[in-house]
Amino acid sequence: MTPATPSTLFPPASAPSEYAATPRDADAVLEGLDPEQREVALALHGPVCVLAGAGTGKTRAITHRIAYGVQAGILQPASVLAVTFTNRAAGEMRGRLRQLGAAGVQARTFHSAALRQLQYFWPKAVGGELPRLVERKAQLVAEAAARCRLRLDRTELRDVTGEIEWCKVTQTVPEDYPAAAARAGREAPRDPAEIARVYAGYEELKRERGQIDFEDVLLLTVAVLQDRPDIADQVRRQYQHFVVDEYQDVSPLQQRLLELWLGDRDSLCVVGDASQTIYSFTGATPDHLLDFRRRHPGATVVKLVRDYRSTPEVVHLANGVLAQARGRAAEHRLELVSQREPGPAPNYTEYGDEPAEAEGVARRIRALLDSGVRASEIAVLFRVNAQSELYEQALADAGVPYQLRGAERFFERPEVREAGLLLRGAARAGAADPTLTDVDVPSQVRAVLGTRGWSAEPPAGSGAARDRWESLAALVRLAEDFVRSRPRATLADLVAELDERAAAQHAPTVEGVTLASLHAAKGLEWDAVFLVGLTEGMMPITYARTDEQIEEERRLLYVGVTRARRHLSLSWALSRAPGSRGGRRPSRFLHGLRPGTVPAGGRAASAGGRGSGLESGAPSSAHGPGERGGGPRRRRAPVRCRVCGRTLTDAGEIKLMRCEDCPCELDEGLYERLHEWRSARARELGQPAYCVFTDKTLLAIAEAVPGTEMELSAISGVGRRKLDAFGADVLALCSGEMPRADEKNSLEK
């Protein structure tokens, strides 16, 4: 295959705008597509299966397919239903279709489309109002467990709730759960018979309270369409063409709903990649994708393998991860071909312990920021959410802003909600407001948001003021991009766009390093990605025992690798805590990929191989504590509890230098003074309080009451940089004196 030229066939991976001008006609829709994407766009009749590798522009291909059909008069917008798996993805798809001149197309999640139909047809099919949706499923599961005289801790409650959801999407009733779980090789969090009882109790509670959950939405929609042919016919008259994105993640229940929507027609386009199946624990299976040609013998099949996201080095490693895969999905893997210029080789680093790994990653991130990479273009990805605390701490200590994927939603931030209200009011005022007349929409937005803290230049530092400014700046950038694609747009049009984005949680980009689990990172991409904690027991996870489960873990690593555009770092720690015996081993999935290792039946990987080089084979000052260079690896002494002497392994306990439940001698007055001083310094520096010292560090200081710089520097979280910046103030507070800055202010008053 002749490589395409990225500049002519695809926008850069880090394109500054997510909006583009609307094509003038059907032929213009096809401009800029590569040969395979063009083939997808032109395949408007009969069943179509698009096998699309990571970074190959699948969303671009399917949205241009729909838009071409609409612009050419072959498809009516209202007759097309495009289905995907997240509100964000659906919102992004609607936005792209609108830009391409296909604004009337419905792009929804399976649940959203089903709920809309259920709400409309319920009075006719059943009578009365649709039961209310359960708001807190876990709470209801906990009540059901209590009725069964079972007590579930937080982890068990989450896992049992997940088992109930799996049962419903696989259409398994309570009494069949034990046998079904055994057949599927599921690791039940409690005795399967107990889970079956809780599941039955949960269903009973919903019936008593007249409630349904999200899985019921799909089940009830399927039931209505099966039992009422007249309603099914009405739905089929409305929707005649279907597009399903991420088809490898479809559950049996979603597949059944799709079949009922289709009826005996075959106007269906599915898009997926079996190598990115990572949600089987929810009931997803790639079988529907892999069996598509068997169910539809005459289907058009198009493979997208030109990778426009990642450099050849990253793509080489991604292909290498899958080269060792086994099983049915592996038989259909796609060999990606990078369309980008070469970049740096992926970096492999071994650390002595987890805190050293977190500190090393934070140090590398600081170096990337100093080299000009934006914080929003960097991500740290881990296997389980419990791994995030160490990296939150390390980034805070390094003064690096971060955001947790899945934390506070952008449109729920106070400053964003306030901005929305102000813009809505300004749109209503229109010409009545002299400051908003005779200026374009972005200028109107800047004028409105300027009254709430936005300015052309960001505030210094990275504190609360900077966070607020970044939120407002994201709205300004969105306005600029929006008007660039719709020159005639008004402020009211922009407000409508914001409302739609808020409903879909389709947020603009905010500055801050992303911390996320590998599962949460699906569908996202960054310039620089750090894959951390890559040890046996974590990757693959310890409870992955069957061949199928192990292969899904391999695919999860593949998804992580393919999130990176240019910089990719893979790391692991030999022990959990400083001084512990380093008995851990790097993930088996890296064998044959990192230099010096040999895959099963293969030759050792070399540092010179594309995309498989180590950072350095010789000792280097760039290596931090616990990092491995060419010389002997340095080990840090174990951290012991200063009260009972036990070796500490928990990150929070290491910082406190004592067991969480050991008695402490906290100087509460000093702790309060430290808090007040930290708040004042953070405001002065324009940084979040945690960038001065974290709460745990302040607590450790208030317990230890250091009297010298050496004693202060022995506290975890007080490195040389912070000792130089804040050491004198902290020691003054510990001795009962006033910090010099406060003393000066006091004298001036």
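In the predicted model, Ser 338 is placed in strand E10, which spans residues 337-338. With a relative accessibility of 16%, Ser 338 counts as buried, because that value falls under the 20% limit. Its side chain takes part in two polar contacts with backbone atoms: one reaches the backbone oxygen of Ser 310 at 2.7 Å, and the other reaches the backbone nitrogen of Arg 340 at 3.2 Å. When neighbours within four places in sequence are left aside, the residues in contact with Ser 338 are Asp 307, Ser 310, Thr 311, Pro 312 and Val 315, so that Ser 310 appears both in this set of contacts and as a partner of the side chain through its backbone oxygen.

A second buried polar residue, Glu 552, is found in helix H24, residues 547-561, and has a relative accessible area of 9%. Not counting residues up to four places away in sequence, Glu 552 touches Thr 277, Ile 278, Tyr 279, Ser 280 and Phe 281. The loop between strand E15 (526-531) and H24 contains Pro 540, and the peptide bond leading from Met 539 to Pro 540 is cis, with omega near 5°.

With regard to nonpolar packing, the largest core comprises 42 residues, of which Phe 110 and Trp 261 touch the most other members. Helix H6, residues 110-125, supplies the largest share of this core, namely seven residues. Apart from it lies another core, of 37 residues, which includes Leu 336, Ala 521, Leu 534 and Ile 550. The surroundings of Trp 261, with residues up to four places away in sequence not counted, consist of Leu 81, Val 83, Phe 110, Ala 113, Ala 114, Gln 117, Leu 225, Val 235, Arg 236 and Phe 242.

Among the helix pairs, H26 (residues 668-685) and H29 (residues 720-734) have axes that come within 10 Å and cross at roughly 150°. Because this angle is over 145 degrees, H26 is roughly antiparallel to H29. The crossing of the two helices is right-handed. On the H26 side, the residues that meet H29 are Leu 670, Arg 673, Leu 674, Trp 677, Arg 681 and Leu 685, and their counterparts in H29 are Ala 725, Phe 726, Asp 729, Val 730, Leu 733 and Cys 734.

Positive phi values in residues other than glycine were computed for Arg 149, where phi is near 60°, and for Glu 246, where phi is near 50°. Arg 149 is placed in the loop between helix H7 (137-147) and helix H8 (154-169), while Glu 246 is found in the loop between strand E6 (241-244) and helix H13 (252-262). As for solvent accessibility, Arg 149 counts as exposed, at 79% relative accessibility, whereas Glu 246 counts as buried, at 13%.

An intermediate case is provided by Ala 193 in helix H10, residues 192-209, which counts as partly exposed because its relative accessibility of 41% lies between the limits of 20% and 50%. Ala 193 and Tyr 177 are 16 residues apart in sequence, and the C-alpha atoms of Ala 193 and Tyr 177 are 7.9 Å apart in space.

Terms used. Residues numbered from 1 in each chain as written. Predicted model: local features only at pLDDT ≥ 70, side-chain atom pairs only at ≥ 80, totals over all residues. Heavy atoms only, no water. Core = buried A, V, L, I, M, F, W, Y, C linked by side-chain atoms within 4.5 Å. Buried < 20%, exposed > 50% of the residue type's maximum accessible area, 1.4 Å probe, protein only. Helix = DSSP H or I, 4+ residues; strand = E, 2+ residues; numbered from the N terminus. Contact = heavy atoms within 4.5 Å. Polar contact = N/O pair within 3.5 Å; in protein donor to acceptor, adjacent residues only side chain to side chain. Axes fitted to C-alpha atoms, helices over the stretch in contact; angles between N-to-C directions. Parallel < 35°, antiparallel > 145°, perpendicular 65-115°, else oblique. Left-handed = near helix turned anticlockwise from the far one by under 90°.
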